[in-house]
Amino acid sequence: MPEESAGKPATAFDWVGGEAAVRQLVDRFYDLMDLESAYAALRAVHPPLLDGSRDKLHWFLCGWLGGPDHYIERFGHPRLRARHMPFRIGIRERDQWMDCMRQAMLECELDPALRERLDAAFMNTADWMRNV
């Protein structure tokens, strides 16, 4: 695996810990969304069963973080904004998504420097997804 000069893994995917760690992060994210009332507005825009959402986010994040392109292999280009357009995503949903992901990253014990980088990248994407 190629390494950066500072000793950090070459990709965020490697830094997270690979595919199993991405799955753990995604599962914790959706578990929190399902369990915590603070994420009720976010939960409301998801289907009753979260299995498909879990898989899609896992597949997407693997590629987005620099790992295998599972999502693209299954569905083609992510077209995130277009795929999320049917769902009401406002500031409240964006903020709950971010808070839920922050909590999941913290509970999965991601490196603080990685959490900071991912937080900024997630916020850019989450804000771009707003449609109301």
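In this predicted model, E116, R117 and N124 are exposed on one side of helix 8, and the buried residues lie on the other. Those buried residues are L114, L118, F122 and A126. They cover an arc of only 85 degrees around the axis, which puts them on the same side of helix 8. What do the buried residues of helix 8 pack against? Their partners are helix 1 (12-16), helix 4 (51-64) and helix 7 (91-107).

The length of helix 8 can be checked with simple arithmetic. Its 17 residues, 112-128, should span 24 Å at 1.5 Å a residue, and the C-alpha atoms at its ends are 24 Å apart, so the expected and computed values agree. At the N-terminal end of helix 8, D111 acts as a cap, with a side-chain oxygen 2.7 Å from the backbone nitrogen of A113.

The cysteines come next. A search of the whole structure finds zero disulfides. C62 is in no disulfide, as the nearest cysteine sulfur, that of C108, lies 13 Å away. C62 has a relative accessibility of 0%, so C62 counts as buried. For C100, the closest cysteine sulfur is also in C108; the separation is 11 Å, which is too far for a bond, given that a disulfide needs the two sulfur atoms within 2.5 Å. C100 counts as buried because its relative accessibility is 0%.

Attention now turns to H46, which sits in the loop between helix 3 (40-44) and helix 4. Is H46 buried or exposed? With a relative accessible area of 19%, H46 is buried, since the cut-off for that label is under 20%. The side chain of H46 reaches the backbone oxygen of L42 at 2.9 Å. Not counting residues up to four places away in sequence, H46 touches Y30, M33 and S53.

A final residue to look at is F75, in helix 5 (residues 70-75). F75 has a relative accessibility of 36%, and therefore counts as partly exposed. Which residues is F75 in contact with, leaving aside its neighbours within four places in sequence? The contacts of F75 are K56, W59 and R83. Of these, K56 is 19 residues from F75 along the chain, and the C-alpha atoms of the pair are separated by 9.6 Å.

Definitions and conventions: Residues numbered from 1 in each chain as written. Predicted model: local features only at pLDDT ≥ 70, side-chain atom pairs only at ≥ 80, totals over all residues. Heavy atoms only, no water. Helix = DSSP H or I, 4+ residues; strand = E, 2+ residues; numbered from the N terminus. Expected span 1.5 Å × (residues − 1). Buried < 20%, exposed > 50% of the residue type's maximum accessible area, 1.4 Å probe, protein only. Arc of directions from axis to C-beta. Contact = heavy atoms within 4.5 Å. Polar contact = N/O pair within 3.5 Å; in protein donor to acceptor, adjacent residues only side chain to side chain.
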